[in-house]
Amino acid sequence: MSWKIKEKYRQILAGESGTVVKNWGGKLTLCLVYPNQYATAMCNLGFQSVYSLCNSFTDIVCERAFLPAAAEAKEYEKSGTRLLSLESQRPLSDFDILAFSVSFENDYLNIPAIFALAGIPPLASDRDNSFPLVMAGGAALFLNPEPVAELLDLVCVGEGEAILPPLLDFLRSQDGAARAGLLNSAAHLPGVYVPSCYEVTYEKGHGAETRSLGGAPVRVKRVWDPELDCSVIASSLSAPDTEFSDMHLIEVSRGCPHGCRFCAAGFIYHPFRQRSLELLKNEAVRGMALKQRIGLVGAAVSDYRHLGELCRFISDKGGKVSVSSLRIDALDDSLLDILHSSGHKTVALAPEGGSQRLRDFIKKDLTEEQILGACDTLIGRDILNLKLYFIIGLPTDTEKDLQEMTLLIEKIRQRVITAAKKNRRLGSVLLSVNPFIPKPFTPLQWCGMESLASLEKKYTYLRRAVGSLSNVKIQMESLREAFLQALLSRGDRRLAAFLVKTHQLGSWKKAAKELRLDAETLVTRAIPLDETLPWDIIDGGERERLVREYERAFHAPSARAGSCHSVS
């Protein structure tokens, strides 16, 4: 066992606060695995909340493990050391349970690497009782668990606060039980999906038929927490030199009330729920005893009904406030004053659609007048650095929409420059441009992603049109990463072999070629409304609403500029 790795982990622990270390005697041992590197994991509030929840049970040990960085992975291989947990530096194979926390589909690619480092077979069918039970949860899993279904023993479909307590009670009662019997029983728990209890038969071409086995439910219902005030989700761990190390994060609400047609948050976290002001005030006081800055997070922070009052409370107590983003049509003067006094130099806004037609198509419900008005309001508060999120490649997107986007950007830029000259300060417009990726459980899930060749042309157009303008910077998501995300978002169980082969060959393109996987078609094809989707095993309770919104999108005037993607 490598002393270098153990010493590094001890140094990490020495720099942390909030770490929980328990004696293993007589306890259920669980290793919470984030399939990416430590610094990324420590920025994830969901990961921290599951760690805190599991450790709140006195008879459960919950430790953490991560994907090693390249140099650390080499040390593992050189020394022959199996992947270790952070807290006790024990091999992952020593734990009763491995629980993956996966927020982003691209991290599916790292799961086989973690199995290899741990000396654990990647396929569930190759593991017996001598190996840990492997489960997983997180937003990526209750969007579409099928690409990793054959790697997992069970999947949590929904929110951890609602699923984990009864599931952990069940697992504690199963000490020594045979794996098959345990899984058959687990399949009847709320929000628990056991892939081995379902047989999937693939039809020629596309589509599949799924049959439940052993009395398992035909579909697994998504489970959500109906009462957020029973707990508060906030930073429980702090580590230096990570993105949010200077602030205490608090989740103010969950979900989004707007239902933009491309965005999963308004559907998989439905209904929109808000925490009480008193609960958040109490957590803010606790947080300010640790950090001066309080970060308020959620998919729709601007829609929290007491946002202004909460921010004033934090400010009056001597704290500073940060928010993840602001909705353009919900800017409050007093809130902006507090953000300015808190040292906010940049505010993020999300027009998403570059043209009015596209904003109507995705149900963004924002006009150009509102967007420019919001920019004027921010600039008037001496906030001269604006970050704007745009999506390209939306269904029906044309070059005319790109032209309208560049005109809008130029109008915003001119406002920033004028104010910057007047105040003798520099101002900037940062554009975050991302391609449309069809996500499960959204009204646009049946649409294909635009081809990479076409998207590259649109990237080139934007670079030429606005990339050289003063005071404007562009960040563009890697098209390769976006393509992979779309593949893993839309894929079925057959992608498990692809994930394992990608790890073995070190190249997803080589893996797709060897397995004869037509990734291009899987990513770009439009799916008929009557076709069975891979993620239909999950009952999200929203299908009728999704179909209705899909049909409204394509039958509204906003869809008439083009029935498909277009670029010159």
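## Exercises on a predicted model

**Exercise 1. Compare the expected and actual span of helix 10, then find which side of it is buried.**

Solution. Start with the length: the twelve residues of helix 10 (residues 277-288), at 1.5 Å a residue, should span 16 Å, and the C-alpha atoms at its ends are 16 Å apart, so the two agree. The expected span here is 1.5 Å times one less than the number of residues. Helices are DSSP runs of H or I with at least four residues, strands are runs of E with at least two, and both are numbered from the N terminus.

Before going on, a word on the ground rules: this is a predicted model, in which local features need pLDDT of at least 70 and side-chain atom pairs count only at pLDDT 80 or more, while totals for chains, interfaces and linings use all residues. Residues are numbered from 1 along each chain as its sequence is written, and side-chain values use heavy atoms, with hydrogens and water left out.

Next, list the buried residues of helix 10: L277, L280, K281, E283, A284, G287 and M288. Because they cover an arc of only 165° around the axis, they lie on the same side of helix 10. The arc is taken from the directions from the helix axis to the C-beta atoms. Buried means under 20% relative accessible area, exposed means over 50%, and partly exposed lies in between (1.4 Å probe, protein chains only).

Finally, look for the packing partners: the buried residues of helix 10 pack against strand 10, strand 13 (293-297) and helix 11 (307-316), where contact means heavy atoms within 4.5 Å.

**Exercise 2. Work out how strand 1 is enclosed and paired.**

Solution. First count: seven of the seven residues of strand 1 (residues 28-34) are buried, so the strand is largely enclosed by the rest of the structure. Then take the faces one by one: L28, L30, L32 and Y34 are buried on one side, and T29, C31 and V33 on the other.

Now turn to the neighbours. Strand 1 pairs with strand 2 (residues 60-66) in the parallel sense over seven bridges, and C31 stands opposite E63. Strand 3 (residues 97-101) also runs parallel to strand 1, joined by four bridges, with A99 as the bridge partner of L32. Two strands pair if DSSP finds at least two bridges between them.

**Exercise 3. Describe the aromatic pair of F361 and F554.**

Solution. Begin with the rule: rings of Phe, Tyr and Trp (its six-membered ring) pair if their centres lie within 6.5 Å, and planes under 30 degrees apart count as stacked, over 60 as edge-to-face and the rest as tilted. The count comes to eleven aromatic pairs. One of them, F361 with F554, is edge-to-face, at 5.2 Å centre to centre and 85° between the planes. F361 lies in helix 13 (residues 356-361) and F554 in helix 21 (residues 543-555), so the pair ties together parts 193 residues apart in sequence. Last, check accessibility: F361 is buried at 0%, whereas F554 is partly exposed at 27%.

**Exercise 4. Locate the cis peptide bond and the positive phi value of D241.**

Solution. The cis bond joins H270 and P271, with omega about 0°. P271 sits in the loop between helix 9 (265-268) and strand 12 (273-274). For D241, phi is near 65°, a positive value in a residue other than glycine. D241 lies in the loop between strand 9 (220-221) and strand 10 (247-251), and counts as exposed at 76% relative accessibility.
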